Amino acid sequence: MEALYVRYLTPLNRWARGRLPAGARGATDTGDIVQETLVRALQHLDTFESRGPGAFFAYLRKTFVNRVRDEARRIARRPTEVDMPDSPALGPSPVELAIGAERLERFERAVAKLAPDEREAVLARVELGLSYAQIAEVLGKPSPDAARMAVSRALVKLADELAV
């Protein structure tokens with residue numbers, strides 16, 4: 001279990017970056033939720049059924065998303081005090097944030113339509129930034145070039161899904 005924890009901690013942290021809603025960021029750290037996700041998943045490892053390469057990482061992502069939803073509901077139930085700044089913030093406007101969230105949702109819907117091995121190839125390269133050698137190991141490909149081709153094909157299918 002310790003080896004699994006060490007193996008998945010960094011990739012899950014990379015994937016989870018920026019996925020915690022802004023309203024929950026002050027109360028909870030993304031890293032804390034990632035660690036909690038791994039601990040909970042490993043405690044229930046005996047009930048996990050592998051359905052191919054990348055299934056465990058998909059299980060971790062789903063567990064993380066569910067944990068974030070729980071945290072967002074918890075935060076929404078208690079009122080928070082907000083100090084209004086004297087000058088307007090220089091960050092993105094609410095419209096820019098909404099457009100960004102909409103694009104992320106479109107991306108996630110398109111990724112979900114890919115076959116599991118294609119989805120893992122895209123997520124490993126785009127979201128986790130893994131090398132082709134690492135992707136070859138994760139996907140069980142014979143070489144980094146085979147992994148590069150798998151990622152390329154998956155990205156073409158992803159682009160087609162996004163164009164619809």
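In this predicted model, helix H6 (residues 116-127) packs against helix H8 (residues 144-163) at an angle of about 100°, and their axes are 8 Å apart. Angles of 65 to 115 degrees count as roughly perpendicular, so H6 and H8 are roughly perpendicular to each other. On the H6 side, the contact is made by Glu118, Ala121, Val122, Arg125 and Val126. H8 contributes Ala150, Val151, Ala154, Leu155, Lys157 and Leu158. Sorted by class, the residues of this contact are eight nonpolar, no polar and three charged.

H8 also packs against helix H7 (residues 132-139), here at an angle of about 85° and with the axes 8 Å apart. H7 and H8 are therefore roughly perpendicular to each other. Look for Tyr132, Ala133, Ile135 and Ala136 on H7, which meet Pro144, Ala147, Arg148 and Val151 on H8. This contact has seven nonpolar residues, no polar ones and one charged one. Val151 is worth finding on your screen: it is listed in the contact with H6 and again in the contact with H7.

Here are the two helix pairs side by side.

| Helix pair | Angle | Distance between axes |
|---|---|---|
| H6 and H8 | about 100° | 8 Å |
| H7 and H8 | about 85° | 8 Å |

Now turn to the beginning of the chain. Helix H1 covers residues 2-16, which makes 15 residues. From its first C-alpha to its last it reaches 20 Å, close to the 21 Å expected at 1.5 Å a residue. H1 has a kink of about 35° at Tyr8, shortly before the proline Pro11. Both of these residues are buried, and the other buried residues of H1 are Leu9, Leu12, Trp15 and Ala16. After H1 comes Gly18, with a positive phi near 85°.

Finally, a single residue deserves a visit. Ala55 sits in helix H4, which spans residues 55-77. Is Ala55 buried or exposed? Its relative accessible area is 17%, and buried means under 20%, so Ala55 is buried. Which residues does Ala55 touch, leaving aside its neighbours within four places in sequence? Ala55 is in contact with Phe48 and Ser50. You can also compare Ala55 with Glu120: the two are 65 residues apart in sequence, while their C-alpha atoms are 8.7 Å apart in space.

Technical notes
Residues numbered from 1 in each chain as written. Predicted model: local features only at pLDDT ≥ 70, side-chain atom pairs only at ≥ 80, totals over all residues. Heavy atoms only, no water. Helix = DSSP H or I, 4+ residues; strand = E, 2+ residues; numbered from the N terminus. Expected span 1.5 Å × (residues − 1). Bend = angle between axes of the 7 residues up to and from the residue. Buried < 20%, exposed > 50% of the residue type's maximum accessible area, 1.4 Å probe, protein only. Contact = heavy atoms within 4.5 Å. Axes fitted to C-alpha atoms, helices over the stretch in contact; angles between N-to-C directions. Parallel < 35°, antiparallel > 145°, perpendicular 65-115°, else oblique. Nonpolar A, V, L, I, M, F, W, Y, C, P; charged D, E, K, R; others polar.
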